Amino acid sequence: MLLAAAVAQVAGAVALVAAAPNLARGVSYGPAQLGAVHLVGLAFLTVAIAGALQQLVPVLMRRRVGGTARSAVSAVALTAGAWSLSLGLWSGRETAIGAGGALLVAGGAILVADLVLAALGAARGGTLGPSGAGVLASALWLAMVLAIGTVMAANRIHPFLEVDRMRLVGAHAAVAVIG
């Protein structure tokens with residue numbers, strides 16, 4: 001996961017350079033900008049954090065994060081989903097956006113469930129500690145970001161929310177950045 005995140009960091013930087021003219025003109029919502037931001041935020045940051053958690057949680061909480069197969073499925077779903085969603089936003093391909101979003105939610109749900117189960121096991125075993133509590137809070141925050149992103153993606157394809165799109169984008173971005 002960490003290698004995939006490093007590749008995404010470079011691709012995200014290139015995408016941001018490509019989006020720079022629009023950003024310099026104050027155009028913050030467009031295909032290039034959305035693709036670049038999601039490459040950096042999802043394919044780089046989220047995948048890197050998920051990979052780091054796979055390494056750190058067993059040390060911090062003395063609990064594994066899911067089994068090997070579950071972790072592999074989560075890693076592949078998060079990574080492929082982040083790339084598909086980002087490239088779909090860049091190209092305007094709704095099927096890539098939908099597939100990427102579905103993979104992200106699936107991989108994220110597995111990761112969140114495994115982190116919650118590890119934290120509960122650590123709490124029962126007396127090894128949760130402040131770091132484990134922070135990991136648990138971060139997992140729940142990720143669940144919230146994924147839920148908001150899912151609602152936004154659904155609203156993008158079949159508008160059902162009577163809210164200004166930029167307000168939704170701002171809420172989604174704020175929740176993601178705070179996390």
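What pattern does the chain follow when read along the sequence? In this predicted model, the answer is α-α-α-α-α-α. Put as a tally, that makes six helices and zero strands. The radius of gyration comes out at 17 Å, close to the 16 Å that the globule rule gives for 179 residues, so the chain is as compact as a globular protein of that length. Along the principal axes, the C-alpha atoms fill a box of roughly 55 × 35 × 25 Å.

Contacts and burial come next. Take the contacts in the chain with a separation of 6 or more: 72% of them join residues 24 or more positions apart. Of the 179 residues, 37% are buried. As for the outside, the accessible surface of the chain is about 9300 Å², and carbon and sulfur atoms account for 72% of that. The chain carries 10 positive and 4 negative charges, and the mean positions of the two sets sit 14 Å apart.

Two of the helices can be checked against their expected spans. Helix α4 runs over residues 94–125, 32 residues in total, and it reaches 46 Å from its first C-alpha to its last, close to the 46 Å expected at 1.5 Å a residue. After α4 comes Gly126, with a positive phi near 75 degrees. Helix α5 (residues 129–157) has 29 residues, which should span 42 Å at 1.5 Å a residue; the end C-alpha atoms of α5 are 43 Å apart, so the two figures agree.

Which residues of α5 are buried? They are Gly132, Val135, Ala139, Leu142, Val145, Leu146, Met152 and Asn155. An α-helix has 3.6 residues a turn, so residues three or four places apart point the same way. That spacing is easy to look for in the list, which includes Val135, Ala139 and Leu142. The cover over the buried residues of α5 includes α2, α4 and α6 (165–178).

One loop residue deserves a remark on its backbone. Arg62 sits in the loop between α2 (31–61) and α3 (68–91). Its phi is near 55 degrees, a positive value in a residue other than glycine. Most residues other than glycine have a negative phi. Is Arg62 buried or exposed? Exposed means over 50% relative accessible area, and Arg62, at 57% relative accessibility, therefore counts as exposed.

Notes
Residues are numbered from 1 along each chain as its sequence is written. This is a predicted model: local features need pLDDT of at least 70, side-chain atom pairs count only at pLDDT 80 or more; totals for chains, interfaces and linings use all residues. Side-chain values use heavy atoms; hydrogens and water are left out. Helices (H or I, at least four residues) and strands (E, at least two) are DSSP runs, numbered from the N terminus. The radius of gyration is taken over C-alpha atoms; the globule rule is 2.2 Å times the number of residues to the power 0.38. Buried means under 20% relative accessible area, exposed over 50%, partly exposed in between (1.4 Å probe, protein chains only). Contact means heavy atoms within 4.5 Å. Accessible areas come from the Shrake-Rupley method with a 1.4 Å probe; for residues, only the protein chains shown count as cover. Lys and Arg count as positive and Asp and Glu as negative; His and the chain ends are not counted. The place of a charge is taken as NZ of Lys, CZ of Arg, CG of Asp or CD of Glu. The expected span of a helix is 1.5 Å times one less than its number of residues.
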